[in-house]
Amino acid sequence: MTQASFATHEVLNQSPPFEDVDLFALDAPLVEAVAANGGASAHAELSEFGQHWGSAAMAARGRIANENTPRLRTFDSRGNRRDEVEFHPAYHELMARSAHAGVHNSTWNAEGKPAGGGAEVVRAAKFYMAAQVETGHLCPITMTRASVAALAAQPELLAQTMPVIGTRAYDPTFAPWPKKRGMTLGMGMTEKQGGTDVRSNQTRAVRDGDAYRITGHKWFMSAPMCDAFLVLAQADEGLTCFFMPRFAPDGSVNAIQFQRLKDKLGNRSNASSEVEFTGAYAMRVGDEGKGIRTIIQMVQLTRQDCAIASAGLMRSGLAHALHHARHRSVFQKHLADQPLMQAVLSDMALHVEASTALVMRLCRSFDRAPDDPGEAAFMRLLTPAIKYWVCKSAPGFLYEAMECLGGNGYVEEGILARHFRESPVNAIWEGSGNVMCLDVLRALSREAEAASAVLQGLVEETAGLPGVADAAASIGKAFRRPDSERVARLAVERLALLAAAAALNKVSPHQAELFAVTRLAGNHASMYGAVDLAGDDIRALLERALP
Ligand SMILES: Cc1cc2nc3c(=O)[nH]c(=O)nc-3n(C[C@H](O)[C@H](O)[C@H](O)COP(=O)(O)OP(=O)(O)OC[C@H]3O[C@@H](n4cnc5c(N)ncnc54)[C@H](O)[C@@H]3O)c2cc1C
């Protein structure tokens, strides 16, 4: 029997899958932003990564890893504790591919020092592309990469772990980390009574020789099959950061008991646990009482990755929407040729161009911060502002992208429903929206001079663009107000917009002009497409977004 005999009718006017594409080469704004921020020499490497991650096979792995969610195996059939989480092979494949490309470690050299050059920008481009395919597995990838910054507070521990963190092997075996080919790390800060307010942590750490025993709980601890966790607990001198491996040094399974996995809106390929520590073995990282100062080094990097991933999700939404609109006909004309759809898509393209240029500019500051105080100040002030603006804009953006595909966008077989459900988490974890705004205020008050130099730099880089002078003045005024907290969202959003205009101006001055006209000079309407761009600009934006 031939397959044709099963067909009920010929399927017409449906867009082909957006697969087997080069996620790098097809994305001119990404290629240009990477080059403008020090990553030009990695073009071939990124194109290879883009082809691999843009393949139909990787898209299938992303879908399957989310359909077959991780399962907690608390006990074995005889009632012995197991505390293992099982993942579908598709998840392991995604992890292996990211590790193979160094997404979990390539910003560090063998000693765990910043690799320099354009390492941050190149790795960010990979993270951005991987996020377009599957975001859940990036949770342990980002935490492993970021953990090195906290481990630096305990140099001998960093020296021991770096040879295992530094490999490009993914080793999912449940075994002590020193015996593994590669390792992943997670983090446990949030407790039931407080996530933002980690000072309220109740988990206790008691000295046991050179090590500690930790008793307490964490209400959220993601990626529980990591080989070790950086955990906050109260020691004699106050809140302290600890390295808690899955196995104690004598080879026994450490006293880490997973209670449940969270049933989440999105992020479903990733497991997020509730966990009890019952005298778990741990080693101190940094001084007692300096836990926040130590772990914030890690959190700064995961915040950076939240922004990169959200920009990647939006890029994917745009690419799928534009691809669909170019194939789908309505009233005898492709959607992409209908003026109103063009207005929507080009306005979205402008948002993605700006977000992409902005996150790559931020990553350049991470590359340069160790040797350049100005870049260090940029990184400190702009990381929370950019996490705030980029991450919080993603759900609304993805909703619009979904709508461009009509009913198909809302259906789980496509990727947009998954992207949409995924997108809010980047704004919530690693410091939620308000907390990011308060962090900008903190940077301004603690490093006032350096922060105002950053603001001045942005003004100079955007000189002549419409609306810049007024925006800069209003930001300065808001931050100087004694009740600045009340207007912090207003000021932080404008700060991010100004920084986006500056970043875009380096990559593509004409797009920077369009961005400033619509976002700084005019108040952007609440819906995408409610703008008045010229026909040539619309065509150029869409051609740049997807040739
Ligand atoms: C899927 C998922 C995975 C997670 N994985 C981990 C993990 O691996 N490890 C980990 O430690 N945590 C993890 N978290 C927890 C996450 O980091 C926290 O949920 C987050 O930091 C917020 O803390 P909270 O839930 O206690 O909310 P709260 O701290 O109660 O905050 C609630 C709201 O109040 C706002 N707010 C707080 N303070 C102020 C203020 N002073 N002024 C105005 N507004 C304020 C916040 O912005 C937020 O919107 C995860 C969360 C999720 C959703």
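1. Let me start with Arg 61, which sits in helix α3. Please keep in mind throughout that this is a predicted model. With a relative accessible area of 23%, Arg 61 is partly exposed, because buried would need a value under 20%. Leaving aside residues up to four places away in sequence, Arg 61 touches Ala 90, Glu 93, Leu 94 and Arg 97. Its C-alpha atom lies 33 Å from that of Ala 500, a residue 439 places away along the chain.

2. Helix α3 (56–67) also turns up in the surroundings of helix α2, since it is among the elements that cover the buried residues of α2. The others named there include α1 (28–36), α4 (89–100) and α5 (119–131). Helix α2 itself spans residues 43–53, and its buried residues are Leu 46, Ser 47, Phe 49, Gly 50 and Trp 53. Viewed down the axis of α2, these residues fall within an arc of 160°, so they line one face of the helix. Ala 44 and Glu 48 are exposed on the other side of α2. As a reminder, an α-helix has 3.6 residues a turn, so residues three or four places apart point the same way.

3. Helix α1 is worth a look next. Pro 29, Leu 30, Val 31, Ala 33 and Val 34 are its buried residues. Their cover includes α2 and α5, along with α9 (339–368), α16 (488–507) and α18 (535–545). Just after α1, you will find Gly 38 with a positive phi of about 100°.

4. Now to the interior. The largest nonpolar core holds 179 residues, and the members that touch the most others are Phe 243, Leu 382 and Leu 495. Helix α10 (residues 373–404) gives this core its largest share, 16 residues. Leu 495 has contacts with Leu 381, Leu 382, Ala 385, Val 440, Leu 455, Leu 458, Ile 475 and Phe 479, not counting residues up to four places away in sequence.

5. Which helix packs against α10 at an angle of about 90°? Helix α14 (residues 448–461) does, with the two axes 9 Å apart. That angle makes α10 roughly perpendicular to α14. From α10, the contact involves Gly 374, Ala 377, Phe 378, Leu 381 and Leu 382, which meet Ala 450, Ala 451, Val 454 and Leu 458 of α14. Sorted by class, the α10 contact with α14 has eight nonpolar residues, one polar residue and no charged ones.

6. Helix α10 also packs with α16: their axes come within 9 Å and cross at roughly 95°. Here too α10 is roughly perpendicular to its partner, α16. On the α10 side, the contact is made by Leu 381, Leu 382, Ala 385, Tyr 388, Trp 389 and Lys 392. From α16 come Arg 489, Val 492, Glu 493, Leu 495, Ala 496, Leu 497, Ala 499 and Ala 500. By class, the α10 contact with α16 has eleven nonpolar, no polar and three charged residues. Note that Leu 381 and Leu 382 take part in the contact with α14 and in the contact with α16.

7. One last residue to check is Gln 300, in helix α8 (residues 291–327). Is Gln 300 buried or exposed? Its relative accessible area is 12%, so Gln 300 counts as buried. Apart from residues up to four places away in sequence, Gln 300 touches Phe 366, Met 379, Arg 380 and Thr 383.

Definitions and conventions:
Residues numbered from 1 in each chain as written. Predicted model: local features only at pLDDT ≥ 70, side-chain atom pairs only at ≥ 80, totals over all residues. Heavy atoms only, no water. Core = buried A, V, L, I, M, F, W, Y, C linked by side-chain atoms within 4.5 Å. Buried < 20%, exposed > 50% of the residue type's maximum accessible area, 1.4 Å probe, protein only. Helix = DSSP H or I, 4+ residues; strand = E, 2+ residues; numbered from the N terminus. Contact = heavy atoms within 4.5 Å. Arc of directions from axis to C-beta. Axes fitted to C-alpha atoms, helices over the stretch in contact; angles between N-to-C directions. Parallel < 35°, antiparallel > 145°, perpendicular 65-115°, else oblique. Nonpolar A, V, L, I, M, F, W, Y, C, P; charged D, E, K, R; others polar.
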